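Reader: I am new to this structure and would like a close look at one part of it, the empty space inside. Please take me through the pockets and cavities, and then whatever else can be said briefly.

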Amino acid sequence: MTRIFSGVKPTGHLTLGNYLGAVRQWAEVDQHRAESLFSVVDLHALTVDHDPGRVRRLSRQAATLLLASGIDPERATVFVQSHVDEHARLSYLLECVATDGEMRRMIQYKEKSALERARGGSVRLSLLTYPVLMAADILAYGADEVPVGDDQVQHVELTRDLAVRFNQRYGHTFVVPRATYPKVAARVMDLQDPASKMGKSGDAGAGIIYLLDEPDVVRKKILRAVTDSGSEVEYDREAKPGISNLLEILASCEGGSPEGLSGVYESYGALKKDTADAVVEMLRPVQEKHKELVADPAYVEEVLRRGAERAREMSRPTVDTAYRAIGLLPPVDEAR
Ligand code: TYM
């Protein structure tokens, strides 16, 4: 059976981008067709300046939102990355396979390190090595597929390279995974700046829709979205980035294609209104379920406890095999 691994990092509140680009697919499609693991990858939240209490709160909230989005813990393994030691254990071995040049070529590293430096801050070493930890997340489980948004594709490519290199040098150990991404809304853009990705850690939030935004807030943000010159509602990401982003969001909510919606609307205002309605309706059940789950923290904790247990069992044998393959001496009781 196909195995799937994916994750979300608790650096901010989950956004519409996370949902349309990844989480909804996990809940609606992936968990039904494959053996799936979905993780709140909290170690990744430590690569930039962070507040410990906030990371803990956001981790709990992200896990709760995965369940509220319809991920069923009876079908999929839902867990917190730091509860399973194998990720960090494998990451070090992969650091011994990856190269410094490879890490410095990662787009997210270039962008985020430039931002940190511009703010006058220092760049954590873990920001550079982050994609290796991500590779470990995936390879530890022998995942065949990694459903992600467009911005993570380069990291999955790196994961493939590391898996192939390790296998060639030390014998077949890892499954070589591939990224999958949704046809529509693989890169949802910021409503105030359609040239940039809608990201959790974006600044003001006016261009970002959070999954827990109240309906009137969602409406306001969409109605105030930046649009383009002209008045035709056409799908053209180059010439009309603002309108095309709204068309993608609407198409994704309705399960259609943005090209199919091209020419259907007579004004920007009408498109915005329908997009706002569609997003509000799509988020309503997620928000209701989230409210129920927040009232039952013991349930969420138990899901995470069982998830971590299962994840440990699934990852341990592969990581042990990698330790032996690379030349590390087995502990004495295992060697006997
Ligand atoms: P993260 O937490 O930034 O995002 C989680 C998922 O949401 C997708 N996504 C988007 N999709 C469309 N439009 C957007 N604006 C948008 N913003 C985010 C991301 O592509 C991602 O699929 N490095 C990863 C977390 C990670 C991971 C892994 C993922 C760590 N280990 C192993 C897969 C497998 C990240 O930062 O995702």
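Author: What follows deals with the empty spaces, and then with a few other local features.

This is a predicted model, in which local features need pLDDT of at least 70, side-chain atom pairs count only at pLDDT 80 or more, and totals for chains, interfaces and linings use all residues. Residues are numbered from 1 along each chain as its sequence is written, and side-chain values use heavy atoms, with hydrogens and water left out.

Rolling a probe the size of a water molecule over the atoms shows where empty space is left. Here the search runs on a 1 Å grid over the protein atoms alone: a cavity is a set of points where a 1.4 Å probe fits but cannot get out, a pocket is an open set with protein on both sides within 12 Å along at least five of seven lines, and lining residues have an atom within 4 Å of a point. Points are joined across faces, edges and corners, and a volume is the space filled by probe spheres set on them. Helices (H or I, at least four residues) and strands (E, at least two) are DSSP runs, numbered from the N terminus.

The second largest pocket has a volume of about 490 Å³. Its lining consists of 22 residues, and those nearest its centre are Arg56, Arg57, Ser59, Arg60 and Gln61. Helix α2 (52-68) gives the largest share, eight residues, while α11 (268-294) and α12 (297-325) each supply at least two. By class, this lining has ten nonpolar, seven polar and five charged residues; Ala, Val, Leu, Ile, Met, Phe, Trp, Tyr, Cys and Pro count as nonpolar, Asp, Glu, Lys and Arg as charged, and the others, Gly among them, as polar.

Two cavities of 30 Å³ or more are present. The largest cavity has a volume of about 60 Å³ and is lined by Gln108, Tyr109, Lys112, Leu127, Tyr130, Pro131 and His155. Two or more of these residues come from each of α5 (107-118) and α6 (125-139). Four residues of this lining are nonpolar, two polar and one charged.

The second largest cavity holds about 40 Å³ of space. Around it stand Pro73, Ala76, Thr77, Val78, Val303, Arg306, Gly307 and Arg310. Strand β3 (77-80) and α12 each give two or more residues to this lining, and α12 has the largest share, four residues. The classes here are four nonpolar, two polar and two charged.

Now the strands. Five of the six residues of β1 (residues 3-8) are buried (under 20% relative accessible area, with exposed over 50% and partly exposed in between, for a 1.4 Å probe and protein chains only), so β1 is largely enclosed by the rest of the structure. Strand β1 runs parallel to β2 (residues 35-40), and six bridges join them; two strands pair if DSSP finds at least two bridges between them. Within this pair, Gly7 stands opposite Ser39 in β2.

One loop residue also deserves a mention. Ala185, in the loop between β5 (178-180) and α8 (215-223), has a positive phi of about 65° although it is not a glycine. At 2% relative accessibility, Ala185 counts as buried.

Last come the cysteines. Cys96 is partly exposed, at 40% relative accessibility, whereas Cys253 is buried, at 18%. With a disulfide defined as a pair of cysteine sulfur atoms within 2.5 Å, the count comes to zero.
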